[in-house]
Amino acid sequence: MRASIIIPCRDAEATLDRCLAGLVRQTKPPLEILIIDNGSRDWTPIIARDWEKSGRLPLRVLACPEPGAARARNAGAEDARGDWLVFLDGDCVPPPDWLARGMEVLERNPDIVAMAGPAWGAPEGDLAARLLGLISLAAGKEPFVLAETDATGVAGFPAANLWIRRDVFQASGGFDPHWQGAGEDMDFCARLLQAGHAIHYIPALRVQHLHASGLAPLLRKARFYAEAHGALFARHGRSSIVLEAPLLGRIALPAPGDFGLWLQLTSTDKKALALALLGLVAPLPAVLAGAGYLAWLAHTLRRRARLAWRDVPTMQPGWGEALAMALLWILRDGAWSWGRIAGSRARRWLL
């Protein structure tokens with residue numbers, strides 16, 4: 001069983017060295033590593049070529065100048081020789097046993113055709129980078145099997161750490177090169193599920209994601225990825241009214257024609273808004289409830305940090321830092337909600 005690691009890169013000069021250094025340390029070397037430069041405007045191509053010339057890795061550098069991560073990944077898959085295609089991002093750093101663990105899972109379970117692992121953020125950078133590392137690209141600590149899409153059509157895993165058998169990838173048609181914006185990986189996963197293939201989530205296949213610092217990148221990324229929900233709901237979602245609410249979970253009711261409405265009332269910004277409205281009629285209960293909610297968010301972040309950064313206990317956030325990150329979380333979810341509105345399609349609305 002042979003693995004080809006495919007890394008699409010666009011302006012990844014800040015992280016590519018660390019990604020490739022992580023691959024040098026693998027206890028089980030891959031068959032090959034393909035870096036696909038996707039029209040970088042920085043030093044990414046030079047860094048990649050220097051690694052290729054060094055001979056430290058079975059590395060080849062390809063060029064895909066037309067922008068689009070889907071096109072870059074497809075270009076790598078087309079050139080790959082492995083039985084398995086392992087998609088990794090240039091801002092992710094795998095631990096030394098990452099590939100060995102994955103191959104061991106596949107050898108024990110020959111029926112698996114696709115699997116994914118988490119991409120926890122690194123315990124570094126400013127508060128925004130650390131927050132993003134704890135609330136994105138991680139699907140939990142327990143393994144599970146995703147076998148079908150739901151009413152929203154948003155089901156799957158990011159291609160930052162996605163493994164798929166080569167013949168299944170080819171039969172699926174790969175990533176949609178015409179997909180606009182983010183979400184091409186979720187679209188790919190949805191099509192896999194619709195074709196009858198299950199995707200196994202393996203928490204042990206974790207990689208470390210290097211997030212950019214700064215409030216502006218945090219908010220910009222939130223809106224960018226939230227906009228993709230509109231396209232995914234339009235393409236893969238069912239005609240339905242989907243309500244996500246605290247205590248109720250997710251409820252989907254059938255809707256006439258092609259109409260779709262998806263209300264996500266579980267985000268932190270909407271809960272904060274509800275508390276603000278409560279303050280108009282009952283200020284003291286609202287203040288007490290707001291303080292309790294912030295404390296709960298901070299506790300949640302500290303719990304996630306213990307899971308994500310278990311190997312570096314000195315980097316666990318204190319209560320002050322966690323409370324500041326909780327406030328940023330609410331701001332980030334505000335940008336997320338705005339992105340969902342902006343990404344809504346005709347007769348398919350999201351909030």
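Okay, let's start with a pocket: the second largest one here has a volume of about 410 Å³. By pocket I mean an open set of points on a 1 Å grid, where a 1.4 Å probe fits, with protein on both sides within 12 Å along at least five of seven lines. It has 19 lining residues (an atom within 4 Å of a point), and Pro95, Arg206, Gln208, Ala308 and Asp311 sit closest to the centre. By class, that's 11 nonpolar, two polar and six charged.

Quick caveats: this is a predicted model, with local features needing pLDDT of at least 70, side-chain atom pairs 80 or more, and totals for chains, interfaces and linings using all residues. Numbering runs from 1 along each chain as its sequence is written, and side-chain values use heavy atoms, without hydrogens or water.

Now the cores, meaning buried Ala, Val, Leu, Ile, Met, Phe, Trp, Tyr and Cys joined through side-chain atoms within 4.5 Å; buried is under 20% relative accessible area, with a 1.4 Å probe and protein chains only. The largest has 34 residues, with Ile5, Trp98 and Trp163 among those with the most contacts inside it. Apart from that core lies another, of 29 residues, including Leu62 and Phe169.

Phe169 brings us to the rings. Phe169 is buried at 5%, and Phe175 is buried at 0%. Their ring centres are 5.8 Å apart with planes at 55°, so the pair is tilted (centres within 6.5 Å make a pair; under 30 degrees is stacked, over 60 edge-to-face, the rest tilted). Both belong to one aromatic cluster with Phe87 and Phe188.

Technical notes: Buried means under 20% relative accessible area, exposed over 50%, partly exposed in between (1.4 Å probe, protein chains only). Grid points are joined across faces, edges and corners, and a volume is the space filled by probe spheres set on the points. Ala, Val, Leu, Ile, Met, Phe, Trp, Tyr, Cys and Pro count as nonpolar, Asp, Glu, Lys and Arg as charged, and the others, Gly among them, as polar. Rings of Phe, Tyr and Trp (its six-membered ring) pair if their centres lie within 6.5 Å; planes under 30 degrees apart count as stacked, over 60 as edge-to-face and the rest as tilted.
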